[in-house]
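Two kinds of side-chain link are the topic here: disulfides and salt bridges. Look over the cysteines and the charged residues before reading on.

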Number of protein chains: 2
Amino acid sequence: MQKRVLSGLLSAFLVAGSAQAADDLMAVAQDFFKPIPAKPPALEGNPASAAKIELGKMLYFDTRLSESHNISCNSCHVVGMGGVDLQETSLGQSWQTGARNSPTVFNAVFNLAQFWDGRAADLEEQAGGPLVNPVEMATTEGHVVEQLDGIPGYHEAFRAAFPDDTDPIRIENVQKAIAVFEATLITPNAPFDQYLNGDETALNAQQKAGLQAFMDNGCVACHSGINLGGEQFQPFGVVENPGEDLLPPGDKGRFDVSQLPEDEFVFKVPGLRNIALTPPYFHTGKVWDLKQAVRVMGTAQLGIDLSEDDVENITAFLHSLTGDQPRIVYPVLPPSTAETPRPNP
Amino acid sequence: MQKRVLSGLLSAFLVAGSAQAADDLMAVAQDFFKPIPAKPPALEGNPASAAKIELGKMLYFDTRLSESHNISCNSCHVVGMGGVDLQETSLGQSWQTGARNSPTVFNAVFNLAQFWDGRAADLEEQAGGPLVNPVEMATTEGHVVEQLDGIPGYHEAFRAAFPDDTDPIRIENVQKAIAVFEATLITPNAPFDQYLNGDETALNAQQKAGLQAFMDNGCVACHSGINLGGEQFQPFGVVENPGEDLLPPGDKGRFDVSQLPEDEFVFKVPGLRNIALTPPYFHTGKVWDLKQAVRVMGTAQLGIDLSEDDVENITAFLHSLTGDQPRIVYPVLPPSTAETPRPNP
């Protein structure tokens, strides 16, 4: 495990070193990172259509998908708050708290897997998780279908979204529709994207210094690609354990999924897109200050006490990752009727 | 109290009677009811501006106005669900339930007062209530101001909304901004509005029969005007007590506000606009079936066992009160920073 990380770090240092020599920050950055595309990517086996995206948006906002009728996808992944809820861990059924900080839904389509431990392969699989998690939406797949079937307006919406399906109100289609909507939640055009696309003026001097420090110090070993993260699993505390507050011993991360010893305290590397909008940080949500999060990463992952200049500059660079936020028209949800299954708070 | 209602009923019967004679349903309806205007009304002492409406929308959706950062105005008055939450009574701080069913925010600007007991004179006063209600958003006025002051993006938004105010982040301005946004939440162009505006074809035969029955049976004595209600206070159970389930003896309604004996079990007459979208019904939220609500009104308020034909027809008429739902673009909320006051779930 350590070997894998260190080899990653090493190659990062090598490339960053050569970049410094060539004094071509933009070219090196273009090697490590990719801009968010202007249009949402297609999902394998789940083609998008306007009707499916609209249905997915309705489902994303419909609290009737939860047992209490009080919680929707948007409760924890708020489209007006960077795709998160600004909580350490979310409040769910009966005011219970979730086990880990809610990751942003924005640009999640570009991650190699979903959830902090990557237990869902993709958005479609992820969408099924919170529905049945007893501390989140706390319902069952069967009841979701029964609930939606009991809302007449959804019959037409599912037919339009899945025109070739004779029985379209199925849990698989609920997840497919939510996934195609979520795939639209991308945030292109951040200053850093403009920079990657060749606009030298899109980052200021401090942000460029931060980008350089981000690469020189080896952050880029894990935080690269389109999301500056989201492409690997890595242990938290590879060099120095960040302490029980940030790494509680009871949560072994990906180990709980794989049962492999090398996956103890391994988590998906979070993407850094819109990171300035999404405190608090880490899977525990215990760090509210982005600068402090940068310092922790330095010591825990890299074994470096980053200089305050580096911390300031890297944080300024991270602010350049805030892209255009999605413009979402609130869906008009189909009404309940006397026969619609009722909430069970 | 009874005298007041009965005199209202009497005049309603008289007018309805004359209407029947004249066989001019539309003309009588135009006497009793007014269409929702195409544009929001102005609020006295609180002029609207684009910046103030936008700020109000941000505040309406911002969960950081609650102590837990988990509840916003939109949690209970959902803009995609007829302005309600489709709950008997809402879930608030620590999963506590509210005392009465959440009334719709849509067209609330046309009501004579706000809340079921009318304890707030207007939208501006109402907006302050849930913020500090311990079972709802459970915060304090001081903390709301402190919270917003700790979110840098709100500084500019308040300055733009209140350009003549040297210290604009004040609780009064929070309420004013929310009120001007809420005043935009009107639903014009329902079939019934089109009918009132002269389109004979906007109601079908059953809906016209329902309208006739609505007037003939005396519903119109209380449910008239622009909102078909919202203009009077009346006792619930004036002729026959609807039972403890619908009228729990512990909730004396407006009496708690005025302490006047004649206000025992008196409530604001709810408006009927979009009523088909907003189950469950009554201040307890105990009736989910609109037809059953119509029957209860017949026995409790009018002392009439409405015929099933009348119930069906009146319900069909009530469906004609569903107007164009507001088209709301979800606001992009200003980010929290390391210094922003944190949630207290």
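How far is the sulfur of A:C219 from the closest cysteine sulfur, and in which residue does that sulfur sit? The partner sulfur belongs to A:C222, and the gap is 9.2 Å. A disulfide needs the two sulfur atoms within 2.5 Å. A:C219 and A:C222 are therefore too far apart for a bond. A:C219 is also buried, at 14% relative accessible area.

This is a predicted model, and a second cysteine can be read in the same way. Take A:C73. The closest cysteine sulfur to its own is that of A:C76, 9.0 Å away. That distance, too, is too far for a bond. A:C73 has 12% relative accessibility, so the residue counts as buried. Over all chains, the disulfide count comes to 0.

Charged pairs come next. Side chains of opposite charge can pair when their charged atoms come close. Over all chains, the count of salt bridges is 30. A few of them are worth a visit.

Start with A:D62 and A:R64. Their side chains form a salt bridge, with N to O at 2.9 Å. Are these two residues buried or exposed? Both A:D62 and A:R64 are buried.

Move on to A:E200 and A:K208. Their side chains also meet in a salt bridge, at 3.0 Å from N to O. Here the setting is partly exposed on each side. A:E200 has 41% relative accessibility, which means it counts as partly exposed. A:K208 has 21% and falls in the partly exposed class as well, because buried means under 20%.

Now find A:R295 and A:E308. The closest N and O atoms of this salt bridge are 2.9 Å apart. Which parts of the chain does the pair tie together? A:R295 lies in helix α12 of chain A, residues 290-302. A:E308 lies in helix α13 of chain A, residues 308-319. The pair therefore ties together parts that are 13 residues apart in sequence. Both ends are partly exposed: A:R295 has a relative accessibility of 27%, and A:E308 has one of 41%.

Last, look beyond single pairs. Which residues are linked with A:R100 in a network of salt bridges? The other members are A:D117, A:R119 and A:D251. Two arginines and two aspartates thus make up this network.

Methods:
Residues numbered from 1 in each chain as written. Chains lettered and ligands numbered in written order. Predicted model: local features only at pLDDT ≥ 70, side-chain atom pairs only at ≥ 80, totals over all residues. Heavy atoms only, no water. Buried < 20%, exposed > 50% of the residue type's maximum accessible area, 1.4 Å probe, protein only. Salt bridge = Lys/Arg side-chain N within 4 Å of Asp/Glu carboxyl O. Helix = DSSP H or I, 4+ residues; strand = E, 2+ residues; numbered from the N terminus.
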